[in-house]
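The following exercises are intended for a reader new to this structure. Each consists of a task and a worked solution.

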Amino acid sequence: MIVSYNPCQIGDVLVVVLGPDQGSQQVTQRDQIVEIKDQTGAVIGYNFFAAHDRLPELDQQVGQVHLTASQIEQLNVQLEAAGFDQKLPTSEPAKFVVGYVKETREHPKSSHLQITTTEVENGRTLQIVSGSPNMEAGIKVVVAKVGAMMPNGLIIWPSTLKEVESDGMICSGRELQIPNAPDKPGALILPDDYQVGTPFDFKKAQTLFSE
C-alpha cells in the first residue's frame with residue numbers, strides 16, 4: 001500500500017494505491033471516497049477527498065505518507081460507513097530490503113541487461129532484471145520490492161524487460177537519494193554488516209558515501 005498527500009498539486013485528497021494502474025478501470029464514489037477497481041474487479045486504490053477533515057495531522061505532510069495503525073483504522077471505519085467492502089491493510093512487510101545476488105545470467109535479447117536471482121528473505125528469491133554495469137553474483141544490494149515507492153515518486157510494479165519478467169528493482173545510491181552517492185549508473189553494493197532480508201535502513205545509509 002502506498003499513500004500520498006500533495007494538496008498543492010491535487011488538492012485536499014489522500015491517495016491510496018493498492019495495485020498497478022493499467023487497463024480500463026471501474027470507479028465508484030460514495031461519501032467523498034472514490035474506489036478504483038481494475039478490469040478484473042480487484043481494488044487498486046482509493047481517493048479520500050476532504051482528507052484534512054478525516055486526518056487533521058496531515059497538515060505538515062507532503063508526498064508519501066506513512067500512516068499509523070490508528071489512522072488506517074480511522075480510514076477503514078470511513079470505508080465501511082460509505083458501504084465499501086475492502087479494508088486497507090493494517091501492516092505490510094518492508095518494501096526496501098537488503099538482498100543478496102545469488103546468480104546472474106545474460107539477458108537473451110540485450111547486451112547490457114542481466115537477469116539476476118536475488119535472495120530477499122529466508123531463502124526466498126526474486127527474478128530481477130538489472131542494467132547496472134557493476135552487477136555480479138555475490139554482492140549485497142538494496143531491493144525495492146513490488147509496491148515500493150522510490151524517493152522520486154516512481155512506484156515499482158512487476159514488469160517485463162525485453163520479454164523477461166522482473167519482480168522488483170535493484171537500486172543505486174543515486175536512485176535512493178543517498179547523500180554523496182555517485183551520479184552514475186550502478187547498483188549500490190552494501191557492506192558485509194548489512195543483513196540479508198532485513199529492512200533497508202535509510203537513516204544508517206546516510207553515511208555510506210561520507211567524504
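Buried means under 20% relative accessible area, exposed over 50%, and partly exposed in between (1.4 Å probe, protein chains only). Helices (H or I, at least four residues) and strands (E, at least two) are DSSP runs, numbered from the N terminus. This is a predicted model, in which local features need pLDDT of at least 70 and side-chain atom pairs count only at pLDDT 80 or more, while totals for chains, interfaces and linings use all residues. Residues are numbered from 1 along each chain as its sequence is written, and side-chain values use heavy atoms, with hydrogens and water left out.

**Exercise 1. Determine how E5 is covered and which strands it pairs with.**

Solution. Begin with burial: 6 of the 7 residues of E5 are buried, so that the strand counts as mostly covered. Next, consider pairing, for which DSSP must find at least two bridges between two strands. E2 pairs with E5 in the antiparallel sense over 5 bridges, and Val17 stands opposite Gly45 of E5. E4 (residues 33–37) is likewise antiparallel to E5 and is joined to it by 5 bridges; here Ile36 stands opposite Gly45. Finally, inspect the hairpin of E4 and E5: 5 residues separate the strands, and Gly41 has a positive phi near 95 degrees.

**Exercise 2. Describe the setting of Asp38.**

Solution. First locate Asp38, which belongs to the loop between E4 and E5. Then list its contacts (heavy atoms within 4.5 Å): beyond neighbours within four places in sequence, Asp38 meets Ser24, Gln26 and Ile44. Lastly, look for a salt bridge, that is, a side-chain nitrogen of Lys or Arg within 4 Å of a carboxyl oxygen of Asp or Glu. Asp38 has none although it is buried; Lys37, the nearest side chain of opposite charge, is 8.8 Å away. In this count Lys and Arg are positive and Asp and Glu negative, with His and the chain ends not counted.

**Exercise 3. Identify the largest nonpolar core and the elements that contribute to it.**

Solution. A nonpolar core is a set of buried Ala, Val, Leu, Ile, Met, Phe, Trp, Tyr and Cys residues joined through side-chain atoms within 4.5 Å. The largest has 19 residues, and Leu14, Tyr46, Phe48 and Leu88 have the most contacts inside it. Two or more residues each come from strands E1 (2–5), E2 (13–17) and E5 (43–49) and from helix H3 (69–81). A second, separate core has 17 residues, among them Phe96, Ala148, Ala181 and Leu190. Returning to Leu88, its contacts more than four places away in sequence include Met1, Val16, Tyr46, Phe48 and Ile72.

**Exercise 4. State the strand order of the open sheet of 5 strands and name its edges.**

Solution. The order is E9-E8-E7-E10-E13, with antiparallel pairing. The edges are E9 (124–130) and E13 (169–170), each pairing on one side only. Within this sheet, E7 (residues 96–106) and E8 (residues 114–121) share 6 bridges, and Tyr100 has Glu119 of E8 as its bridge partner.

**Exercise 5. Characterise Asp31 and Gln177 by phi and exposure.**

Solution. Most residues other than glycine have a negative phi. Asp31, in the loop between E3 (26–30) and E4, has a positive phi near 50 degrees; Asp31 is exposed, with a relative accessible area of 54%. Gln177, in the loop between E13 and helix H4 (202–205), has a positive phi near 55 degrees; Gln177 is exposed at 51%.
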